[in-house]
Each structure stands twice: as C-alpha cells, then as structure tokens.
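Colleague: I am new to this structure and should be grateful for a short tour of its local features. May I put some questions to you?

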Amino acid sequence: MRIQFPEISMFRATAIAAAALLVSACTTMDGSMANSQTMVSPILTTPDAVDDRTYAQPQVARVTHVALDLDLDFDAKMIGGHAVLDILAEDDAEEIMLDSNGLRIDRVTDAGGNQLPFTMGEAEPGKGAPLTIQLNGARKLRIEYRSAPEAAALQWLSPEQTAGGTYPFLFSQGQAILNRTWIPTQDSPGIRQTWEARITAPKPLDVVMSGVRQGEPEDLGNGRRAFSFVMDKPVPPYLIAIAAGDIDFLATGPRSGVWAEPSMLDRAWREVNDTEAMIEAAEELYGEYRWGRYDMIVLPPAFPYGGMENPVMTFLTPTFIAGDKSNNGLVAHELAHSWSGNLVTNAVWGDGWLNEGVTSYFENRIVEKVYGSQRAEQEAALAYANIIETLDDVGYDAPGTALHNDGSGELIGSAIAYDKGHFFLRTIERSVGRERFDAWLQQWFDNHAFQPATSRLMLADMQQNLVRSPAEADQLKLREWIFEPGLPNNVAKPDPQAFATVDAAVAAYAANGTIAAGWDSWTAAEQMRFLDNIPKQRSAVQLAALNEALGLSETGNNEVLFLWLELALANRYDPAVPQAEAFLSEIGRAKFVRPLFGVLVGEGEWGRPIAERIYAKTRDGYHAVTRGGIDRLMAADAN
Ligand code: BES
Ligand code: ZN
C-alpha cells in the first residue's frame with residue numbers, strides 16, 4: 001500500500017524518535033523513571049520547532065523541574081532567593097544554557113553545595129543574555145539570584161494603583177519571553193517543566209500562583225508569611241505566574257472561584273459566576289479538564305492584557321466587568337487555553353495561532369453552549385470583520401498574514417493568529433461536519449497532551465486523523481490556510497443575518513443621520529458592530545448628537561467606551577478629551593491604550609500635544625508591555 005503523505009510521515013517519525021531519545025536518557029538501569037513523581041514531556045527536534053528566542057540547547061541539557069524559594073521585596077521592587085533546577089542531560093554534556101534577562105546571579109552550586117562556574121553572555125534586546133553553567137556532572141543546580149527592579153515580567157503597583165488604596169500589589173506576565181526576568185530557567189514554550197515554589201510576602205498580603213496552593217500560609221513571626229505552591233504537570237515556563245496583594249476569594253463552583261481586591265470581589269464574582277457552566281461545556285466538547293482547580297484573579301486595571309491563561313489561576317483585567325457578562329467570552333477564552341495552549345503548546349512563537357486561533361474557535365463553541373448560537377454568531381461576525389478590515393489594510397499577500405509565520409515579523413494585531421485561526425477551524429468544521437471535526441480536535445488534545453506542537457505537526461495530524469484522502473485535504477485547502485497569506489475562498493463566512501438589525505440601523509444612520517431606537521436593548525456585540533461600521537468622519541455636532549442619543553460616554557462597557565473614545569479622538573472632538581485622559585490614567589490594558597495614543601498621535605498638531613501631555617503623567621503607571629508599545633509609537637512619529 002502506498003503511504004499517503006510520505007513527506008509528513010517521515011517528519012513524524014523523526015520528531016518522535018528524537019523525543020524518545022531524551023526520555024530514555026532519564027530512565028535508570030532497571031528502566032524505571034529516575035524520578036517517579038515527575039512526568040517528563042518530550043521536546044520536538046525538527047527544524048520548524050527550533051526556538052530562536054531562547055538560548056537553551058535542550059538536546060544537550062534541559063531543565064525538567066524548577067523549585068523556587070523567593071522573597072517578595074516591595075520596597076526594593078525585587079524578587080530574590082534561590083531556584084533549584086533538575087537537569088536532564090546527555091551523559092557527556094559539559095554545560096547547560098539558561099535564559100536570563102537582568103538577573104543578578106550570586107552563586108551556583110550542585111546538590112552537595114560545591115560551587116559551579118558560570119558565565120553570563122552578552123545580552124540581546126528583548127532576548128536577554130545566556131547564562132551558561134558548567135555541570136561538572138551535576139544534575140541538580142541551586143542558583144542564588146535576584147531580579148532587577150525593572151524586570152519586565154513584573155509590575156509592582158503602588159497602593160494608589162489599587163482599588164483599596166492601602167497596600168501595594170504585584171503581578172507577573174510571562175508570555176511570551178518575559179519570565180526570564182525573574183526566573184533563571186530555559187524560557188522556551190517547547191521545554192516543559194514541572195515546578196514548585198515557596199514565596200514569602202509581608203502581611204497581610206495574599207499570594208497566588210499558577211500552581212495549586214499547598215495548605216495554609218505559614219506565619220514567619222517577622223511580619224511575613226510563606227506560601228507554598230505546586231504544579232505537578234509539565235508546563236511551558238511562560239505559564240509560571242504570581243500575584244500578591246490585598247485579595248479575597250469567592251467560590252463560583254466546586255472547583256472554581258475568583259480572587260479580587262475586597263472592594264471589587266462582589267462585582268467580579270457576579271460577572272464570572274457562569275464559570276462552572278463554562279468548564280462543563282468545555283469538557284463536553286473536548287474532554288476532561290485536566291488541571292484540577294480553575295480559579296481566576298481580577299487584577300488592578302494596570303494589567304496589560306484582557307486575560308492570561310495561567311494554569312489553575314487565570315489572570316483577568318477588571319476592565320471586562322460590564323455588569324451584564326457581555327465581555328465574559330474572555331473567561332471562556334482563557335479557560336479554553338487549558339486545552340489549546342496549556343495542554344498542547346506552540347513550540348515556537350511563530351506558531352502562536354496554534355494557541356490563540358484554536359482557543360478563539362474553542363471560546364466560540366463554549367459561548368454557543370452557554371449563551372446560545374445568536375451571541376456566538378455575533379461574536380464570530382465581529383472576528384470575521386476584523387480579518388477583512390486587517391487584510392484590506394495590510395494587503396492580502398502580506399507575508400505576516402499566513403497563520404504560520406517565521407516569528408520575525410510582529411503579528412498583525414489579533415486578526416491573523418486569533419481570528420483567521422478561528423475561521424480556519426470553523427471552515428473545516430462546517431465542511432466535514434461537527435461530529436467528525438470535534439472527534440478530531442479532541443484526539444489532537446489527547447494525543448499531544450503536555451507536548452509542544454508546530455504548524456507542520458498540526459497539518460500532518462489533520463492529514464492522518466481528519467481527512468479521508470489527499471483530495472479532501474486539497475479541497476479543504478489545509479496547506480493554503482496554514483502557510484499562505486490572505487484568506488482562502490472556502491472560508492465559512494458568518495451568517496449575514498447575525499447583525500441584520502444593526503446593519504440596517506447603520507445604513508439608516510449613514511444615509512440620513514437617523515439614530516435607531518432600541519440601542520439600550522442591543523447586545524454589547526451589536527453596539528460594537530454599530531460603532532465599528534458607521535462613517536468614520538464625524539463633525540462635532542454629529543458626535544454630540546450620537547453621544548446624546550446613545551449615552552456613549554456613560555456606558556458601563558469598556559469595549560463600547562473604547563470605540564466611542566477612538567471615534568471621538570479621531571475626529572478631534574475636544575469634549576471627549578477629559579474622559580479619554582481619565583480612561584488612559586486608570587487603565588493600562590494595551591489593547592485600549594495603544595490605539596488611543598495611536599489615534600491622538602495620528603491627529604498631528606491637535607492630538608500629539610495631548611498624547612504627550614497625558615503620557616507624561618501615565619507612563620510610569622503602565623506595565624512594561626504597554627509602555628514599550630507606546631514608547632515605539634511616540635518615537636516613530638517624532639520626526
Ligand atoms: N495569551 C493571551 C494573552 C497574550 C498574548 C499575552 C500574547 C502575551 C502575548 C490571552 O489568552 C489572550 O488572548 N487575551 C486576550 C483575550 C481576548 C482574545 C478574549 C486579550 O488579552 O485581549
Ligand atoms: Zn488567548
């Protein structure tokens with residue numbers, strides 16, 4: 001019998017052999033695992049899985065377990081202590097290379113306390129510096145170190161930046177390559193590690209991490225407490241996360257709950273109390289939730305993202321709270337990452353769509369199950385509009401518009417990795433039928449659980465386990481979807497009826513300025529569709545009328561408020577400036593902050609001075625991720 005996909009079959013064989021070699025390296029003479037408690041995940045060694053954003057050489061020596069013992073110092077804005085790393089290495093490996101960025105390394109020893117020589121190489125911007133340690137036969141390393149006050153993963157908030165106003169707050173953001181600013185390990189998404197941590201913090205702060213808390217905190221009698229955590233499943237190190245502050249907890253179900261500052265907790269709980277239903281929906285779709293607990297923490301508004309899928313502890317912006325759950329697709333999204341991203345992980349960041357696109361599709365399926373197909377279809381239609389708008393803008397042949405990219409170019413907003421990725425899976429689902437598609441996706445999660453993946457591996461898996469013939473693969477345009485720019489013409493478009501009412505209202509408004517009644521009863525997605533699609537050029541009189549009729553500046557939904565501010569500033573509408581200033585002073589979420597500064601800067605002699613005046617005040621309050629984006633934007637337009 002002919003092998004159907006010769007090239008791909010060979011590729012699979014190579015990848016698996018390489019993985020087996022490394023796993024066998026850690027078995028003892030009698031064949032049992034060296035450490036029966038630690039599950040060692042394979043790595044991928046094919047060329048498409050080589051991560052050029054790490055200094056690690058995992059085929060020579062790699063980290064399998066990280067044990068942190070760290071103190072949080074809010075005054076010095078530093079985390080310090082030691083990390084003990086378990087190493088899996090070739091017998092003749094002389095050294096191990098770790099990632100680091102701004103770390104001060106004080107001492108490295110082996111398990112017996114003998115010093116091991118180490119060197120810190122030259123730093124590259126963003127990537128940091130290689131930390132090379134001579135092994136001298138050691139398979140356990142103890143590194144004494146501390147982070148720098150400017151560590152990009154960490155944001156140290158003053159009491160004024162919290163809702164309570166009394167205590168400081170700390171949170172970390174690891175994705176993509178920021179954790180090397182506070183943890184000396186191999187910071188690559190294809191090198192999975194189990195971990196544990198003991199963290200001390202001043203009273204009365206509570207500490208949470210993306211691992212399961214062990215027992216009650218220990219009072220150290222010196223005004224500090226120690227908290228212990230364990231993550232016994234191998235995770236990519238970008239998923240190690242910490243937060244500390246004056247926070248309390250409320251359960252949303254038997255295995256889920258939410259942490260937030262006391263004054264935020266009730267509002268937060270009411271927004272996310274469908275979480276248990278979401279977990280159940282997700283399990284019905286693609287199999288058991290494998291991480292035990294699913295807790296969330298609602299952070300102060302400086303958090304630079306909407307959400308981050310830190311295992312067992314999703315991090316959330318407070319800006320998604322609208323009072324009506326309209327933005328809690330965010331929770332469905334971060335929850336879905338418990339399969340796509342955290343269970344099966346992009347081996348390299350250029351294949352980020354494997355995390356974000358699959359998750360965006362999965363998110364939509366959860367939303368459909370929990371809130372019905374109308375809401376799901378409206379949200380899908382917004383995603384589709386984002387793809388089209390972006391492709392119209394950058395061009396259908398722009399190389400960055402392929403799902404797989406070589407990692408060199410910045411991803412184009414969220415339209416490609418998230419929305420094109422989502423529509424790829426949707427297109428296959430609609431073509432082969434849900435039953436077949438869902439069975440395939442579930443086996444993808446099961447068969448690659450706790451392992452890295454690449455675009456090529458996904459394509460190979462579809463060819464082996466989803467399609468019935470090479471002809472069907474061609475018909476689905478699998479290769480084109482993954483590797484070519486633009487949008488294949490078999491895309492399963494959203495239902496044109498999804499926004500029928502709103503689209504009619506947009507047309508009427510564009511034609512004669514009629515503002516439709518019923519805005520208040522529209523869904524948030526409908527309101528966003530309207531604001532996205534009305535004519536972009538508006539006079540001050542028109543903007544005032546719109547705001548008056550729709551109460552835009554009073555909306556409790558930050559997504560809607562953002563669209564209003566963007567529209568207003570793009571039209572140099574002075575009355576909106578104070579509110580924009582308040583918004584930008586309070587909120588550090590890059591998705592909102594960057595475009596608003598972008599619009600202001602784009603409005604030249606009117607907007608640039610406003611942008612500069614506001615940014616001078618707000619810059620210090622932003623996370624490094626947000627700050628980096630605005631700094632570039634301001635600099636790019638300076639000439
Ligand atoms: N993993 C991402 C956040 C992220 C992406 C951090 C890239 C660093 C680099 C998270 O799951 C996410 O996608 N968040 C979105 C949520 C939205 C799509 C529902 C966000 O923050 O807006
Ligand atoms: Zn995501």
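Colleague: In which loop does Asn342 lie?

Modeller: Please note that the model is predicted. In it, Asn342 belongs to a loop that has helix H4 on one side. The element on the other side is a strand, so the loop asked for is the one between H4 and strand E21 (344–346).

Colleague: Is Asn342 buried or exposed?

Modeller: Buried residues have under 20% relative accessible area. The value for Asn342 is 2%, so this residue counts as buried.

Colleague: Which backbone oxygen does the side chain of Asn342 reach?

Modeller: A polar contact requires a pair of N or O atoms within 3.5 Å. The side chain of Asn342 comes to 2.8 Å from its partner. That partner is the backbone oxygen of Glu309.

Colleague: How many residues of H4 are buried?

Modeller: Helix H4 spans 329–336. Its buried residues include Gly329, His333 and Glu334. The helix is largely enclosed by the rest of the structure, because the buried count is 8 of the 8 residues.

Colleague: Which residue in the loop before H4 has a positive phi although it is not a glycine?

Modeller: The loop in question runs between strand E20 (313–316) and helix H4. A residue there has a phi of about 65 degrees and is not a glycine. It is Lys325.

Colleague: Is Asn136, which also has a positive phi, buried or exposed?

Modeller: Phi of Asn136 is near 45 degrees, and the residue is found in the loop between strand E6 (129–134) and strand E7 (140–146). Exposed residues have over 50% relative accessible area. Asn136 has 58%, so the residue is exposed.

Colleague: Which residue does a cis peptide bond join to Gln175?

Modeller: Omega of this bond is about 0 degrees. The partner is found in the loop between strand E9 (169–172) and strand E10 (193–202). It is Ala176.

Colleague: Which residue does a cis peptide bond join to Lys203?

Modeller: Here omega is about 5 degrees. The partner has its place in the loop between E10 and strand E11 (206–209). It is Pro204.

Colleague: What is the relative accessible area of Asp91, a member of the negative surface patch?

Modeller: Asp91 forms this patch together with Glu90, Asp92, Glu94 and Glu95. Its place is in the loop between strand E2 (78–89) and strand E3 (95–100). Asp91 is exposed, and its relative accessible area is 79%.

How values were computed
Residues numbered from 1 in each chain as written. Chains lettered and ligands numbered in written order. Predicted model: local features only at pLDDT ≥ 70, side-chain atom pairs only at ≥ 80, totals over all residues. Heavy atoms only, no water. Helix = DSSP H or I, 4+ residues; strand = E, 2+ residues; numbered from the N terminus. Buried < 20%, exposed > 50% of the residue type's maximum accessible area, 1.4 Å probe, protein only. Patch = residues over 30% accessible without salt bridge, like charges linked within 9 Å, V, L, I, M, F, W, Y side chains within 5 Å. Areas by Shrake-Rupley, 256 points an atom, 1.4 Å probe, with all protein chains shown as cover. Salt bridge = Lys/Arg side-chain N within 4 Å of Asp/Glu carboxyl O. Lys, Arg positive; Asp, Glu negative; His and termini not counted. Charge placed at Lys NZ, Arg CZ, Asp CG, Glu CD. Polar contact = N/O pair within 3.5 Å; in protein donor to acceptor, adjacent residues only side chain to side chain.
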